[in-house]
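Student: I would like to go through this model with you. Could we begin with the pockets and then move on to the rings and the backbone?

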Amino acid sequence: MLTIESIPAFNDNYIWLIHKDANHCVVVDPGDATPVLTYLQTHDMTLDAILITHHHADHIGGISELKRQFPRCHVIGPAQDPIPGLTQAVDEGDHIDIFGESFEVWHIPGHTQGHIGYIGDNKLFCGDTLFSAGCGRLLGGTAEQLFTSLQRLAQLPDETAVYCAHEYTSSNIAFALAAEPDNIALQTYRDEVNQLRAKGLGTIPTQIGTEKAVNPFLRCDQEEVRKSVTEHIHIEENLEIFTQLRRWKDNF
Ligand code: ZN
Ligand code: FE
């Protein structure tokens, strides 16, 4: 069993730190080197490797400084996203060993074309693909790719711990409730999350089973989600018809 610590960065990023014994660790998506270096100094730890899920600055910004401080550190990341300083490019089906635990690499495109996730030890490191009660924006990939990636992640065992890269849960829940107001599991989850946030605590990791119950992006087969989306489309269509009607009258 690996131990996971969270290192907060920027406003709402999580840099995940993986360790087994007291002295060696791996970090996931270090967007900023400073909080990582502070943590490593405080806990007298050496950085063995950096795992990267995708190429956005808030996930890779700390690589060069961490490499400078720990020159022997491996930098493992997606073959299909441009990552400066990679020492090992990985892709779908590859396996990497983290302190004796085997992690499988999945290509989960959508947020970016090359986005990957790391799955092992009943844990998922999924970057900006799946968030609690939400998912990443399309910033390079297609909706079809993101849908397929999320459907795939939903097949993981319910108890899989989901380590995503942002604390977006509260705002995601507000949207999820607009899409699925009568979802009782979602209402309960909102109350739990509100209590955690009121105490200044994080909501991550979440679990696949929880996400299947509360996350509208994993629940497109649910009647209430379908109805909400359809109603929203009608509102947009009516606005478009009004706009065109007004323009037609202008020139009549
Ligand atoms: Zn991103
Ligand atoms: Fe991000």
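Student: Which element gives the most to the lining of the largest pocket?
Tutor: That is H8, with eight residues. Please keep in mind throughout that this is a predicted model.

Student: Which other elements supply at least two residues of that lining?
Tutor: Besides helix H8 (223-250), they are strand S12 (134-135), helix H4 (143-153) and helix H5 (169-179).

Student: What volume does the largest pocket have, and how many residues line it?
Tutor: The volume is about 830 Å³, and 34 residues form the lining. Gly134, Cys135, Phe175, Pro216 and Phe217 lie nearest the centre of the pocket.

Student: How do the lining residues divide into nonpolar, polar and charged?
Tutor: There are 19 nonpolar, eight polar and seven charged residues in the lining of the largest pocket.

Student: Back to Pro216: where does proline 216 lie, and is it buried or exposed?
Tutor: Proline 216 is in the loop between helix H7 (208-214) and H8. Its relative accessibility is 5%, so it counts as buried. Between the C-alpha atoms of proline 216 and histidine 95 the distance is 31 Å, with 121 residues separating them in sequence.

Student: Now the closed spaces. How many cavities of 30 Å³ or more does the structure hold?
Tutor: It holds one, and the largest cavity has a volume of about 30 Å³.

Student: Which residues line the largest cavity?
Tutor: Tyr14, Trp16, Val28, Asp29, Thr53, Cys126, Gly127, Tyr163, Cys164 and Ala165 do. S2, strand S10 (123-127) and S13 each give two or more residues to this lining. By type, the lining residues are seven nonpolar, two polar and one charged.

Student: Let us turn to the rings. How many aromatic pairs does the structure hold?
Tutor: There are seven aromatic pairs. One of them joins tryptophan 16 and tyrosine 163, which meet edge-to-face at 4.9 Å centre to centre, with 75 degrees between the planes.

Student: Why does that pair tie together parts that are apart in sequence?
Tutor: Tryptophan 16 belongs to strand S2 (residues 13-19) and tyrosine 163 to strand S13 (residues 161-164), so the contact joins parts 147 residues apart in sequence. Tryptophan 16 and tyrosine 163 are both buried.

Student: And the rings of phenylalanine 131 and tyrosine 168, why is that pair edge-to-face?
Tutor: The planes of phenylalanine 131 and tyrosine 168 stand at 75 degrees, with the ring centres 4.9 Å apart, so the pair counts as edge-to-face. Phenylalanine 131 is in strand S11 (residues 130-131) and tyrosine 168 in the loop between S13 and H5, 37 residues apart. Phenylalanine 131 is buried at 3% relative accessible area, whereas tyrosine 168 is partly exposed at 28%.

Student: Which residues do ring pairs link into a cluster?
Tutor: The cluster consists of Tyr14, Trp16, Phe103, Phe125 and Tyr163.

Student: What lies over the face of tryptophan 106?
Tutor: Arginine 152 does, at 4.1 Å from the ring centre.

Student: Changing topic: how many disulfides are there?
Tutor: The count is zero. For cysteine 126, the nearest cysteine sulfur is that of cysteine 164, 5.5 Å away. Cysteine 126 is buried, with a relative accessible area of 0%. Cysteine 220 is in no disulfide either, and its nearest cysteine sulfur, that of cysteine 135, is 8.7 Å away. Cysteine 220 is partly exposed at 38%.

Student: On to the backbone. Which peptide bond is cis?
Tutor: The bond from isoleucine 204 to proline 205 is cis, with omega near 10 degrees. Proline 205 is in the loop between helix H6 (184-198) and strand S14 (206-207). As background, most peptide bonds are trans, and most residues other than glycine have a negative phi.

Student: What phi does aspartate 121 have?
Tutor: Aspartate 121 has a positive phi of about 55 degrees, although it is not a glycine. Asparagine 122 also has a positive phi, near 60 degrees.

Student: Where are they, and is each buried or exposed?
Tutor: Aspartate 121 lies in the loop between strand S9 (116-120) and S10, and asparagine 122 lies in the loop between S9 and S10. Aspartate 121 is buried at 14% relative accessibility, while asparagine 122 is exposed at 53%.

Methods
Residues numbered from 1 in each chain as written. Chains lettered and ligands numbered in written order. Predicted model: local features only at pLDDT ≥ 70, side-chain atom pairs only at ≥ 80, totals over all residues. Heavy atoms only, no water. 1 Å grid on protein atoms, 1.4 Å probe; cavity = no way out; pocket = protein on both sides within 12 Å on 5 of 7 lines; lining within 4 Å. Points joined across faces, edges and corners; volume = space filled by probe spheres on them. Helix = DSSP H or I, 4+ residues; strand = E, 2+ residues; numbered from the N terminus. Nonpolar A, V, L, I, M, F, W, Y, C, P; charged D, E, K, R; others polar. Phe/Tyr/Trp six-rings, centres within 6.5 Å; stacked < 30°, edge-to-face > 60°. Buried < 20%, exposed > 50% of the residue type's maximum accessible area, 1.4 Å probe, protein only. Lys NZ or Arg CZ within 6 Å of the ring centre and 35° of its normal. Disulfide = S-S within 2.5 Å.
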